[in-house]
Amino acid sequence: MRCPYCGHDDTQVKDSRPTEDNTSIRRRRSCLACGGRFTTFERVQLRELTVVKRSGRRVPFDRDKLMRSVQVALRKRAVEPERIERMISGIVRQLESAGESEVKAEQVGSMVMEALMAIDDVAYVRFASVYRNFREAKDFEDLLDSLATDQEEANPGSTEAPDEGKG
Ligand SMILES: [Zn+2]
């Protein structure tokens with residue numbers, strides 16, 4: 001598992017145990033290069049999901065990307081990692097059990113907002129404002145696309161994970 005802080009490939013599992021609800025295995029890892037600590041979860045995947053972007057582009061659903069964008073919103077907020085994990089799992093389970101293999105990016109966004117509202121007001125406001133800006137940016141991008149059809153799409157929807165929060 002690659003270190004999210006320095007990109008080093010060699011990380012060590014320090015602790016491994018089932019989560020409270022017994023739906024996944026939680027592992028505490030430590031990077032051998034920079035000493036950064038992070039947590040990974042092993043879990044069941046029921047169904048392959050595809051996210052349909054506003055542009056109509058289809059990308060495989062990426063749970064880690066969803067987790068990263070939620071973690072950005074929750075940065076420096078006192079919320080238990082397991083609680084965040086449960087929230088993400090709840091959203092994924094809802095999506096997986098909805099019976100559709102394709103979900104709209106907007107649908108995922110509003111589910112996250114709804115879930116964050118119940119967990120942390122500040123994170124909710126952060127996520128909502130980033131999400132709204134993204135939508136406006138996307139509208140602008142759509143406009144540019146219609147003016148210059150051969151323009152390459154530059155990885156929309158990716159959220160940079162912050163390089164802080166070690167330890
Ligand atoms: Zn590292």
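This is a short tour of the structure above, one selection at a time.

**The whole chain**

Keep in mind as you look around that this is a predicted model. Start with the protein chain in cartoon view, where you should find 4 helices and 6 strands. Follow the chain along its sequence and the elements come in the pattern β-β-β-β-β-α-α-β-α-α. If you colour by burial, 16% of the 167 residues count as buried. Contacts are worth a glance too: taking those between residues at least 6 apart in sequence, 54% join residues at least 24 apart.

**Strands 1 and 2**

Now select residues 11-18, which are strand 1, together with residues 24-31, which are strand 2. The two run antiparallel and are joined by 7 bridges. Show Arg17 as sticks, and opposite this residue in strand 2 you will meet Arg26. Next, move to the turn of this hairpin, where 5 residues lie between the strands. Which residue in the turn has a positive phi? Click on Asn22, with a phi of about 60 degrees.

**On to strand 3**

Leave strand 2 on screen and add residues 37-43, which make up strand 3. Strand 2 and strand 3 also run antiparallel, with 7 bridges between them. Return to Arg26 and look towards strand 3: Phe41 stands opposite. The hairpin of strand 2 and strand 3 has 5 residues between its strands, and Gly35 there takes a positive phi near 80 degrees. While you have side chains displayed, a general point may help: in a regular strand they alternate between the two faces of the sheet.

**Helix 2**

For the next stop, select residues 81-97, which form helix 2. From first C-alpha to last, these 17 residues reach 24 Å, close to the 24 Å expected at 1.5 Å a residue. Show the side chains of Ile84, Glu85, Met87, Ile88, Val92 and Leu95, which are buried. Then turn the view to look down the axis of helix 2: the buried residues fall within an arc of 160 degrees, so they line one face of the helix. Swing round to the other side of helix 2 and you come to Gly90 and Ser97, which are exposed.

What covers the buried residues of helix 2? Bring back strand 3 and add helix 1 (63-73), strand 6 (102-104) and helix 3 (105-119), which are among the elements that cover them.

For a last click, go just past helix 2 to Gly99, where phi is positive, near 90 degrees.

Methods
Residues are numbered from 1 along each chain as its sequence is written. This is a predicted model: local features need pLDDT of at least 70, side-chain atom pairs count only at pLDDT 80 or more; totals for chains, interfaces and linings use all residues. Two strands pair if DSSP finds at least two bridges between them. A residue is buried if 20 or more other C-beta atoms lie within 10 Å of its own, exposed if 12 or fewer, and partly exposed in between; C-beta atoms are placed from the backbone. Two residues are in contact if their C-beta atoms, placed from the backbone, lie within 7 Å. The expected span of a helix is 1.5 Å times one less than its number of residues. The arc is that of the directions from the helix axis to the C-beta atoms.
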